[in-house]
Each structure stands twice: as C-alpha cells, then as structure tokens.
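Work through the exercises below with the sequence and the model open side by side. Each task is followed by a worked solution.

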Amino acid sequence: MERINNWNEIDAKGMDDFRGLPIGAYECVIKDARINHNEQSGKDTFKVSVDIASGEYKDYFQKMYESDTRIDRKWNNNAVRYLAFTGDNVAYFKGFITTVENSNVGYTWDWDETKLKGKKVCGVFQYEEYEKQDGTKGIKVRLSKFRSLEKMKDIEVSDSVKLLNGSYMTIDDYNERKEESNDPFKDFGNTVEITDDILD
C-alpha cells in the first residue's frame, strides 16, 4: 500500500463519531431553499435543506458535512425535503410557507426564496425504507414533514416505516420481517423434494 499524503496531519475519526439521529420532532433551521430542476423528469421541485437548531443534536448535519472529506461532498439527503409546487400540490407548498411564517414572527413570504435561509421551523424525522447499492433494503431516519414550532411539543411521532411502495409498517413488524427474510431456514419444513417420480 502506498503512503497516504499528509497522514500525520489527518485527524482520526472513529466509526461511532456520529450517533444515529432518533425519530422525533426537532427545532430546525433552514440552511438552503431553492428551485431544483430534475434533468431526468424535466420537472422542478422546491428543495429545502435543514439542520437541527437546538438541543442534544444541534448542528448534527453540519458536523456530518464538515467531517466528509470527499471532493464532491453534499448535504446529507436525510435532512432534505423536495416539495412540488405546481398543479394540485400548490396547496401543500403554501402549507409549508405558512408553517415558516407561523414559526418566525415578522416574516412574510415575498417570493424571494433566498430569505428562507436562517428561518426556524419544526422538522419531523421518521423512519423511511431505502434501497442500498447492493439491491438490499434498509431503513433510515429522514426528514418527513414540516410543522409550526408552536405545535412541536404536541407532536407524537409514529414509529412506522414508510416503505418504498408508499405504504407503512411499524418498526417492530419491519424488523421481524427482515429477520425472517434473512433466516436461511425460514422455509424448512415447507419445501417439497423434487424427485424423478414427481417429474414423470
């Protein structure tokens, strides 16, 4: 193995430097808000990136971003929400804007999305299923929706998992199903031995 440049100057980081973010409702700060154009679909969405603004997990995603040494590092997608703002989705987009207005005294939406940066809002993080690069499935805690800060204390966050097909399942049922799918003997006793007699 060839020597890595600046080895002695590199700060070592342990695998446990970042604890997983628990599901929950958090006071968040908007780090970026912009129109995002999808080259494949040709559609525009409103991309909102946030970070945790207070409490035990304050600056959680900023610290994760700063620890990423890759040249093409990006803001963690678990703290990003894409909002449609055309057709039937206009009402939902207005709901987001109203949530920001209600959470920031004196702020009124004036169609300048750059002014959303730095505004506070409640972000609800929940379990979501995703497909890994090897084709297997896993779950992550991802920004699910926005709520007004005044409602944060009353939010009960469900432990359900949003599956890839859009349906929901409790985390216990999901883990049980995963254990069964990983069990090499799950079909033991339910198999039929194929013999020449059966094939004839």
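Two strands count as paired if DSSP finds at least two bridges between them. The model used here is a predicted one.

**Exercise 1. State how many helices and strands the protein has, and give their order.**

Solution.
- Step 1: The protein has four helices and seven strands.
- Step 2: Along the sequence these elements follow the pattern β-β-α-β-α-β-β-β-β-α-α.
- Step 3: The protein has 200 residues, of which 27% count as buried.

**Exercise 2. Find the strands that pair with β1, and give the direction and a bridge partner for each pairing.**

Solution.
- Step 1: Strand β1 covers residues 24-37 and strand β2 covers residues 44-52; nine bridges join the two, and they run antiparallel.
- Step 2: Within this pairing, Ala 33 has Val 48 in β2 as its bridge partner. Asp 32 is partnered by Ser 49, also in β2.
- Step 3: The connection between β1 and β2 is a hairpin with six residues between the strands. Gly 42 sits in the turn and has a positive phi of about 80°.
- Step 4: β1 is also joined to β4, by six bridges, and these two strands run antiparallel. Here Ala 25 has Val 124 in β4 as its bridge partner.

**Exercise 3. Follow β2 to strand β3 and say what stands opposite Val 48 there.**

Solution.
- Step 1: Strand β3 covers residues 80-83, and four bridges join it to β2 in an antiparallel arrangement.
- Step 2: Arg 81 of β3 stands opposite Val 48.
- Step 3: Val 48 is also the bridge partner of Ala 33. Val 48 therefore has a partner in each of two pairings, β1 with β2 and β2 with β3, given that paired strands are those with at least two bridges between them.

**Exercise 4. Decide whether Phe 125 is buried or exposed, and locate it in the fold.**

Solution.
- Step 1: Phe 125 belongs to strand β4, residues 120-131.
- Step 2: The cut-off for buried is under 20% relative accessible area. Phe 125 has a relative accessibility of 0%, so it counts as buried.
- Step 3: Phe 125 and Pro 22 are 103 residues apart along the chain, yet their C-alpha atoms are separated by 7.9 Å.

**Exercise 5. Count the salt bridges, then describe three of them by distance and by accessibility of the partners.**

Solution.
- Step 1: The count comes to seven salt bridges. As background, side chains of opposite charge can pair when their charged atoms come close.
- Step 2: One of the bridges joins the side chains of Lys 115 and Asp 110, with an N to O distance of 2.6 Å. Lys 115 is partly exposed because its relative accessible area is 38%, and Asp 110 is partly exposed at 36%.
- Step 3: Another joins Arg 142 and Glu 128, whose closest N and O atoms are 3.2 Å apart. Arg 142 lies in strand β5 and Glu 128 in strand β4, so this pair ties together parts 14 residues apart in sequence. Arg 142 counts as buried at 12% relative accessibility, and Glu 128 is buried at 16%.
- Step 4: The side chains of Arg 177 and Glu 129 also form a salt bridge, at 3.5 Å from N to O. Arg 177 is in helix α3 (residues 171-181) and Glu 129 in strand β4, so the pair ties together parts 48 residues apart in sequence. Arg 177 is partly exposed, at 37%, whereas Glu 129 is buried, at 5%.

**Exercise 6. Name the residues of the negative surface patch and place Asp 159.**

Solution.
- Step 1: The patch is formed by Asp 159, Asp 172, Asp 173, Glu 176, Glu 179 and Glu 180.
- Step 2: Asp 159 is in the loop between β5 (137-147) and β6 (160-162).
- Step 3: Asp 159 counts as partly exposed because its relative accessibility is 33%.

**Exercise 7. Examine the phi angles of Asp 59 and Trp 111 and place both residues.**

Solution.
- Step 1: Most residues other than glycine have a negative phi.
- Step 2: Asp 59 has a positive phi, near 60°. Its place is the loop between β2 and α1 (60-67), and it is partly exposed at 29% relative accessible area.
- Step 3: Trp 111 has a positive phi of about 70°. Trp 111 is in the loop between α2 (90-103) and β4, and it counts as exposed because its relative accessibility is 66%.

Note on methods: Residues are numbered from 1 along each chain as its sequence is written. Side-chain values use heavy atoms; hydrogens and water are left out. Patches are made of residues with over 30% relative accessible area and no salt bridge: like charges are joined within 9 Å, nonpolar side chains (Val, Leu, Ile, Met, Phe, Trp, Tyr) within 5 Å. Accessible areas come from the Shrake-Rupley method with a 1.4 Å probe; for residues, only the protein chains shown count as cover. A salt bridge is a side-chain nitrogen of Lys or Arg within 4 Å of a carboxyl oxygen of Asp or Glu. Lys and Arg count as positive and Asp and Glu as negative; His and the chain ends are not counted. The place of a charge is taken as NZ of Lys, CZ of Arg, CG of Asp or CD of Glu. Buried means under 20% relative accessible area, exposed over 50%, partly exposed in between (1.4 Å probe, protein chains only).
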